[in-house]
Amino acid sequence: MTGSPLPWWMSAVVYQIYPRSFADANGDGIGDLAGIRAHLDDLAWLGVDAIWISPFYPSPMVDFGYDVSDYCNVDPLFGTLEEFDALVAEAHALDLRIIIDWVPNHTSDRHPWFLDALTDRSNDHRNWYVWRDPRSDGLPPNNWVAAFDMSAPTWTFEEASGQWYLHLFESAQPDLNWDEPGVVDAMHDVLRFWLDRGVDGIRADVVHCIGKDPQLPDNPPELAAIPHSALNDVPVTHQRLRDIRNLLDSYPGDRVIVGEVYLLSTDAVATYYGNGDELHLSFNFPPLYAPWSEPHWRRCIDSTVHALAPRDAWPTWVLSNHDNPRHRSRYDAAALFRGEDPASVVRRSELRARCAAVMLLTLRGTPFLFQGEEMGLLDAVIPPDRVVDPGGRDGCRAPLPWDGTDHHGWIAPEGIEPWLPFPDESSTRNYASQRDDPDSVLHLYRRLIACRRRHPALSLGDFVLFDAPDGVLAYRRTVDDEVCAALINFTDTTVAIDHHFGIEASLGRAPATVAISSDGSGEGSPFDGRLLPDQAVVLTT
Ligand code: NOJ
């Protein structure tokens, strides 16, 4: 590697915190900023470089914070601005960077701008949102369907003014009108507000939706059942992103913007990197939906490489987040659906998640971990009377079990239960028990992150897939004269990686050493050419 230093986010490991569920310092059953501050040491011990904190702004919480009613403050549930400043300072002292969520596509319907817009049609804020007159047949202005409730239109009729307003998500989340210069200025000011407070990056929520076709045309009939937010892809957004990128780049310290571009084609997502002048990073969702199967992963990797390489765009990898079932739960459900014997699913469940961790932390690109995956958590089972999310995403948002006591480290004065139940295995699978156990998933993540740091090839190196037996994914990472490889066995049998697969030739020299193995076996020893069932290894020379 030569030339100017690469930006920090290329080699970083980012840890997503969903603040309601991370840690509760004041005993109200909801996680808070003080809870995050109390565990910064644990995150530094794990070795991550940055934390992304999902929204903590004042909000009616219809969408648990993605419906913002004040962009420049902290919801009292989570703490205060002063506490946020302290969190930034404490994180920085530990070399942890802070990325915050920015929700530019919509506000809450309780945001003062929208309340103002409702007062009358001539109000200054009226045009900050998207309004349309009724059609003669009384139907909504177009056929777009909303996310979450896909039978619902993206439009709500507002009796008082006799017009419809647009909301790609809940009706409590009216879309901002980015054609209106006042909106652009206000949302740029929000970015400045937080960048001035020292945040290192922005995660931009559904940022591909800040531009819309001004005609708001119907979606073609064959796509009419797909939420419009997954289809919205128009040229004007790119200029808006270039302006946002300029704003970020005017700050020192490589502030990063990672966009949630929720379009399922990786080729389409790639365009939001522009020519290196739009998003620095964009989430790539197909891997998050990929079942645990070698051909699927090979396809995800191939399509990512092919879409991003021509633009020299840097990939991201994610297995789980706050919007989807956790990957261990997904892999288990898919295996049962395929008819795998339930006993085998139980036996293989954690092993598969361990293999996935090896991939996540050795593929070329920035990995994003979702809180709790470092313990191999499953989703919580949510009884019907405790369902709270309109999008059915409560399971992955269960509170983190910090220890094996009844309340798992969530203070419970007067018996206040956390806002959601804990995952089923919490009495045995929790932070304290895993921290004490060198064989735990937590320690595997820690060793993998440390290994990335020791071997820059694993974060910044070139990436080449090489031949391996069926059911095994094998790739090499190279930087300068350092070569590493990762081998992932998706099968439940022992696989011999004999010489004709050329691992050693591929690594350039022999013997290869097992730097990491997903089950901990053989680390530090020469690789004996065998991959155990559901095992992944990282080899170094
Ligand atoms: C994507 C966020 O990840 C999700 O949680 C939210 O509901 C929607 N955007 C709407 O803001």
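This short tour goes from the ligand to its surroundings and then to a salt bridge. Keep in mind as you click along that the model is predicted.

**Stop 1: the ligand.** Select the ligand and look at the space it takes, which is the largest pocket. Now show the residues that surround the ligand: Asp63, Tyr66, His106, Phe148, Phe169, Arg203, Asp205, Glu260, His322, Asp323, Arg393 and Arg397. Try colouring this shell by class, and you will find 7 charged, 3 nonpolar and 2 polar residues.

**Stop 2: polar contacts.** Next, pick Asp63, where a polar side-chain atom lies 2.5 Å from a ligand oxygen atom. Move on to Asp205, which places a polar side-chain atom 2.7 Å from an oxygen atom of the ligand. Then add His106, with a side-chain N or O atom 2.9 Å from a ligand oxygen. How much of the ligand's accessible area does the protein cover? Of the 290 Å² that the ligand has on its own, 97% is covered.

**Stop 3: a salt bridge.** The model has 33 salt bridges in total. For one of them, select Glu158 and Arg126, whose closest N and O atoms are 3.9 Å apart. This pair joins distant parts of the chain, 32 residues apart. Glu158 belongs to strand β5 (residues 155-158), while Arg126 sits in the loop between α6 (112-119) and β4 (131-132).

Methods
Residues numbered from 1 in each chain as written. Predicted model: local features only at pLDDT ≥ 70, side-chain atom pairs only at ≥ 80, totals over all residues. Heavy atoms only, no water. Near = heavy atom within 4 Å. Polar contact = N/O pair within 3.5 Å; in protein donor to acceptor, adjacent residues only side chain to side chain. Areas by Shrake-Rupley, 256 points an atom, 1.4 Å probe, with all protein chains shown as cover. 1 Å grid on protein atoms, 1.4 Å probe; cavity = no way out; pocket = protein on both sides within 12 Å on 5 of 7 lines; lining within 4 Å. Sits in = over half its atoms within 2 Å of the grid points. Nonpolar A, V, L, I, M, F, W, Y, C, P; charged D, E, K, R; others polar. Salt bridge = Lys/Arg side-chain N within 4 Å of Asp/Glu carboxyl O. Helix = DSSP H or I, 4+ residues; strand = E, 2+ residues; numbered from the N terminus.
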